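Colleague: I'm new to this structure and would like a close look at one part: the surroundings of the ligands. Could you walk me through them, and add what you can about the chains around them?

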Amino acid sequence: MPDLTTNCAGIVSPNPFWLASAPPTNSGEQVMRAFDAGWGGAVWKTLGQPIQNVSSRFGAIRWKGMAGVGFNNIELITDRPLEANFREIAEVKQRYPKHAVIVSLMVETQDEWKDIIKRSIDAGADGIELNFGCPHGMCERGMGSAVGQEPLVNERITSWAVEYSTVPVLVKLTPNVDDILPHGRAAQAGGAHGVSLINTIKSVIGVDIDTFVPQPVVGGQSTNGGYCGAAVRPIALHMVAALARDPDFNIPISGIGGITNWRDAVEFMLLGSTSVQVCTEVMLRGYRIVEDMIEGLETWMDDKGFAKTDDFVGRAVPSYQEWGDLDLNFELIAKIDAATCIGCQLCMVACHDGAHQCIHPNPDGSRVPIVDEPECVGCNLCEIVCPVPECITMVEVDNGYAPATWNQHVGQGAPLRPKKGSHD
Amino acid sequence: MPPPLPSERSETSFADFKPAYTPGQASMEANRCLFCNDAPCIAACPTGIDIPGFIRKIATGNLRGSARSIFDANILGMSCARVCPVEVLCVGDCVYHHMGVPPIQIGKLQRHATDVAYGEGWRFFEAGPDTGKSIGLVGAGPASLAAAHELRRLGHACAVYERRSVLGGLNTTGVAPYKMRGDRSLSEVAWILRIGGVAIETGVRVPDDVSWDELSSRHDALFIGLGLGADRLLDLPGSDLQGVGGAVAWIEAMKLGAVDLSGVQSAVVLGGGNTAIDAVRELTGLGIPKTTMVYRRTEARMSGYAHEWAAAKQQGIAAAWARQPIAYEGDGGRVAGVRCVHLDDDAQAVEGSGHVIPADLVLLAIGQARLADVVSGLDGVAIEDGRLVVDEHGATGRPGVYAGGDCANGGKEVVNAAAEGKAAARAIDTWLDGKE
Ligand SMILES: Cc1cc2nc3c(=O)[nH]c(=O)nc-3n(C[C@H](O)[C@H](O)[C@H](O)COP(=O)(O)OP(=O)(O)OC[C@H]3O[C@@H](n4cnc5c(N)ncnc54)[C@H](O)[C@@H]3O)c2cc1C
Ligand SMILES: Cc1cc2nc3c(=O)[nH]c(=O)nc-3n(C[C@H](O)[C@H](O)[C@H](O)COP(=O)(O)O)c2cc1C
Ligand code: SF4
């Protein structure tokens with residue numbers, strides 16, 4: 001059985017699965033149930049001056065009848081008294097000494113930071129997470145993403161926190177920036193032990209087309225909120241990877257954003273996350289999804305021969321390159337397996353309307369389309385739209401050309417294979 | 001291990017009525033599951049499998065975890081996936097019914113996960129640390145197998161006494177081959193027994209070959225899982241004609257070997273329960289041109305499941321309702337038909353309604369004999385209504401003697417036998433603990 005024990009920036013948990021700071025970590029009773037279900041750590045719902053929330057506060061994208069592929073919220077930090085939160089943190093830590101409790105914080109002044117960090121640590125926090133990410137409400141008060149978008153402010157507040165804290169400090173970054181690198185580096189420069197990302201993405205989730213009010217509706221009005229859930233995973237993965245491959249950035253990452261199951265978690269870890277955090281999927285399905293996450297990860301590690309998570313964290317980072325360093329002479333073509341093809345011809349439509357017009361009706365009259373291989377550019381759109389697993393495969397062609405990247409072509413005149421699919 | 005079944009078996013000509021999913025089909029169906037909280041399907045499963053949990057694991061590609069969840073609740077999860085009447089159990093309670101959306105095909109998904117587990121040879125369970133205790137189990141059907149496996153997980157040694165040479169009980173000898181064939185049931189028995197520490201004695205009829213006293217002295221506790229008795233027959237004129245027999249016996253012959261149906265042009269099955277429906281579907285599947293189910297009540301009041309009868313009708317099978325057989329008619333020592341009368345709404349014979357339904361083969365599916373005196377000699381164990389009397393943990397009136405499955409519940413399903421066997425195993429463990 002592989003060992004899932006995780007040490008992320010000095011915060012140790014029995015597995016890499018943490019609850020992100022959000023409603024699922026609102027109270028001690030919830031966090032204890034989550035630990036019973038199998039979660040390894042919990043980042044407590046952000047503490048600060050308790051706020052007043054609006055109602056309603058959530059919105060969701062529906063896709064084929066399922067709600068929550070993308071999710072959005074306009075809630076703020078904790079609305080519960082600080083004393084209650086600290087009392088419950090202490091109780092959780094007493095009852096679950098081996099699980100990680102990270103306390104998320106968001107306050108304004110240096111004195112407030114000093115005070116709230118001390119109280120968190122006194123309550124038993126294993127780590128502190130600085131919420132520099134919330135993209136609504138709090139940023140208008142000069143906190144949250146207003147801090148996360150200014151590297152200098154980020155670095156300064158981080159350095160205060162590091163000074164006041166005797167436990168590891170994580171900085172939670174906002175994705176609402178054009179380039180994540182200066183922000184990750186600012187946290188590092190401030191002395192952070194690690195970063196967590198991403199927080200939610202500024203968004204308007206929808207509009208009620210009968211009342212003409214955007215969602216979520218509060219009275220007759222709405223406002224922008226934070227986008228999260230499965231749909232944001234690609235954005236989160238990119239930001240995590242961008243930091244992981246930055247030679248100037250070398251503190252641990254806790255990956256967040258659209259993680260719904262163990263596969264998603266493995267992807268984040270392969271791109272450099274030491275631990276992962278989940279919010280939306282737990283809000284939609286409950287704590288018990290972690291059972292499959294643990295088992296799925298263990299089984300996958302067994303299959304791959306990994307004994308501990310460190311054996312694979314970051315394993316996909318080296319193969320992430322700049323476009324100019326990709327081999328332009330590498331050639332794939334689509335092959336359709338007539339035996340498993342169900343004749344839906346989604347591939348034909350996709351290729352004709354959305355790609356390079358090289359999948360055609362079969363001249364023999366059957367519904368299995370044929371690929372015009374000399375014209376196929378190997379884009380793999382057909383493989384993506386095919387509903388039958390393994391029916392369309394992308395097969396490598398030996399075209400006789402030595403590998404050549406764009407940079408090699410421009411710099412050293414490396415020869416490129418003839419272009420395909422231009423129909424000229 | 002007893003020898004495999006002969007390769008020449010009539011049952012091998014049947015294809016699966018519900019074919020297996022391909023991985024793509026399973027994944028699509030799994031992704032439809034809503035992952036309900038406190039899901040009604042779980043409550044509808046006698047073994048309480050975490051259905052949304054195992055389905056989610058199929059959806060995420062965690063097949064090993066999926067199979068483990070199933071087997072952890074029900075070690076007969078592979079056969080149950082095929083033979084359970086899911087329409088009236090888990091699938092019947094899927095919340096999608098309330099939306100007018102087709103329910104999740106739980107049985108087929110369960111079959112997918114468990115078949116992959118068998119194919120890959122995954123093992124999930126180890127015997128518990130040896131307790132030094134030994135339990136004797138009578139009968140090697142689903143009830144005893146489930147009990148034995150659970151007892152082994154708890155560390156108790158087991159010995160199973162079975163009167164036949166084949167193991168698996170009616171799962172091997174009774175269930176319709178278009179649900180599961182005998183060899184598949186035997187592979188399940190082997191899979192269960194891989195936990196080790198279960199001694200098997202076949203060809204032993206209790207109490208004739210080994211007395212209850214002897215069993216009680218050999219073991220610290222006993223589990224009785226001997227199922228129901230032979231087919232009940234009707235004492236009518238002509239019952240000794242060739243071609244008249246019990247349906248369960250005929251099904252067993254068809255599953256364990258080849259039955260000779262040469263010259264049989266038409267068949268009649270008497271009864272209106274699930275065994276009757278199985279028999280008419282099996283006869284039709286084996287090529288009998290005309291098979292009729294003859295039942296004393298009306299279609300609305302038949303005891304067989306509506307979904308099973310609907311499938312029979314789809315095969316073109318007809319029934320003669322509200323008929324009472326009064327004699328078998330013969331022709332040269334062989335049956336040629338069943339003489340019947342119509343019954344009116346008060347189940348009274350309608351005068352002058354006598355008629356003969358032609359049949360070269362007549363199978364009786366009017367129930368199996370209840371237990372009579374098998375347990376005489378076991379003081380404290382009572383029989384009521386043909387069932388062994390047990391409490392909710394499977395305990396009989398005699399300390400240390402437990403029972404489950406058909407012999408205690410009067411004849412239900414494989415999944416009930418599995419649930420009762422497992423529950424009794426736990427009760428035995430608790431009882432042994434308490435004795436220390
Ligand atoms: C024709 C038919 C079709 C069925 N189809 C289905 C179906 O599709 N789905 C479903 O869920 N259920 C079905 N059932 C019901 C199901 O098979 C039973 O509920 C289940 O097998 C009961 O398990 P058991 O262990 O209690 O008894 P059994 O399966 O009957 O096993 C009892 C075992 O005890 C042995 N035994 C009996 N007496 C003695 C003795 N004195 N000494 C030693 N050994 C003895 C028997 O040989 C047998 O092996 C069907 C039943 C029949 C008759
Ligand atoms: C309703 C809601 C409330 C949230 N509250 C907080 C918060 O108080 N502090 C914080 O750091 N992040 C908060 N988040 C952001 C999440 O912690 C997380 O970063 C984000 O939702 C992306 O992860 P996901 O896709 O798994 O939901 C909140 C998210 C949601 C949906
Ligand atoms: S989820 Fe609970 S708190 Fe929210 S609206 Fe529904 S009932 Fe109210």
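Modeller: Let's agree on one term before we start: a polar contact is a pair of N or O atoms within 3.5 Å. Also keep in mind that this is a predicted model.

Start with ligand 1. Around this ligand there are 33 residues, and the nearest of them are B:Val83, B:Glu162, B:Lys179, B:Val206 and B:Asp406. B:Val83 is a good place to zoom in: one of its backbone N or O atoms sits 2.7 Å from a nitrogen atom of ligand 1. That pair counts as a polar contact because 2.7 Å is within 3.5 Å. Now look for oxygen atoms on ligand 1. There is one 3.2 Å from a polar backbone atom of B:Pro142. At B:Glu413 the partner is in the side chain, where an N or O atom lies 3.1 Å from an oxygen atom of ligand 1.

How much of ligand 1 does the protein cover? On its own, ligand 1 has 990 Å² of accessible area, and the protein covers 94% of it. Several elements of chain B give two or more residues each to this shell: α7 (142-153), β2 (157-162), α11 (247-256), α12 (274-285) and α15 (414-435). If you colour the shell by residue class, you get 15 nonpolar, 9 polar and 9 charged residues. The domains are worth a look here too, since domain 2 (134-229 + 369-435) and domain 3 (244-364) of chain B each give at least three residues to the shell.

While you're on chain B, have a peek at B:Ala322. This residue is not a glycine, yet its phi is positive, near 55°. You'll find B:Ala322 in the loop between β8 (318-320) and β9 (323-331) of chain B.

Now move over to ligand 2. This one is surrounded by 24 residues, and the closest are A:Ser21, A:Thr46, A:Lys172, A:Gly258 and A:Thr280. Three side chains are handy to follow by eye. A:Lys45 has a polar side-chain atom 2.8 Å from an oxygen atom of ligand 2. At A:Lys172, a side-chain N or O atom is 2.7 Å from an oxygen atom of the ligand. For A:Thr280, a polar side-chain atom lies 2.4 Å from an oxygen atom of ligand 2. As for cover, the protein takes up 98% of the 610 Å² of accessible area that ligand 2 has on its own. By class, this shell has 11 nonpolar, 10 polar and 3 charged residues.

Which elements supply at least two residues each to that shell? They are β4 (41-47), β6 and α9 (280-285) of chain A. Two of those names are worth following further into chain A.

Take β4 first. This strand belongs to a closed barrel of 8 strands in chain A, in the order β3-β4-β7-β8-β9-β10-β15-β16, with parallel pairing. From one strand to the next, the twist averages 25°. For one pairing up close, look at β7 (residues 100-105) and β8 (residues 127-131), which run parallel and are joined by 4 bridges. There you can spot A:Ser104 opposite A:Glu129 in β8.

Then there is β6, which is part of an open sheet of 4 strands in chain A, ordered β5-β6-β14-β11 and paired antiparallel. The edges are β5 (58-63) and β11 (201-203); each has a single partner strand, so one side of each is left without a neighbour in the sheet. Neighbouring strands here are turned by 45° against each other on average, direction ignored. Inside the sheet, 3 bridges join β6 (residues 66-73) to β14 (residues 225-228), which run antiparallel. Here A:Asn73 stands opposite A:Gly226 in β14.

Two loops of chain A round off the tour. A:Ser55 and A:Ser56 are joined by a cis peptide bond with omega about 0°, and A:Ser56 lies in the loop between β4 and β5. The peptide bond from A:Leu197 to A:Ile198 is cis as well, with omega near 15°; A:Ile198 sits in the loop between β10 (194-197) and β11.

Key
Residues are numbered from 1 along each chain as its sequence is written. Chains are lettered from A and ligands numbered from 1 in the order in which they are written. This is a predicted model: local features need pLDDT of at least 70, side-chain atom pairs count only at pLDDT 80 or more; totals for chains, interfaces and linings use all residues. Side-chain values use heavy atoms; hydrogens and water are left out. A residue is near a molecule or strand if one of its heavy atoms lies within 4 Å of it. A polar contact is a pair of N or O atoms within 3.5 Å; within protein, one must be able to donate a hydrogen and the other to accept it, and residues adjacent in sequence count only if both atoms are side-chain atoms. Accessible areas come from the Shrake-Rupley method with a 1.4 Å probe; for residues, only the protein chains shown count as cover. Ala, Val, Leu, Ile, Met, Phe, Trp, Tyr, Cys and Pro count as nonpolar, Asp, Glu, Lys and Arg as charged, and the others, Gly among them, as polar. Domain bounds come from an automatic or database domain assignment. Two strands pair if DSSP finds at least two bridges between them. Axes are lines fitted to C-alpha atoms, for helices over the stretch in contact, and angles run from 0 to 180 degrees between N-to-C directions.
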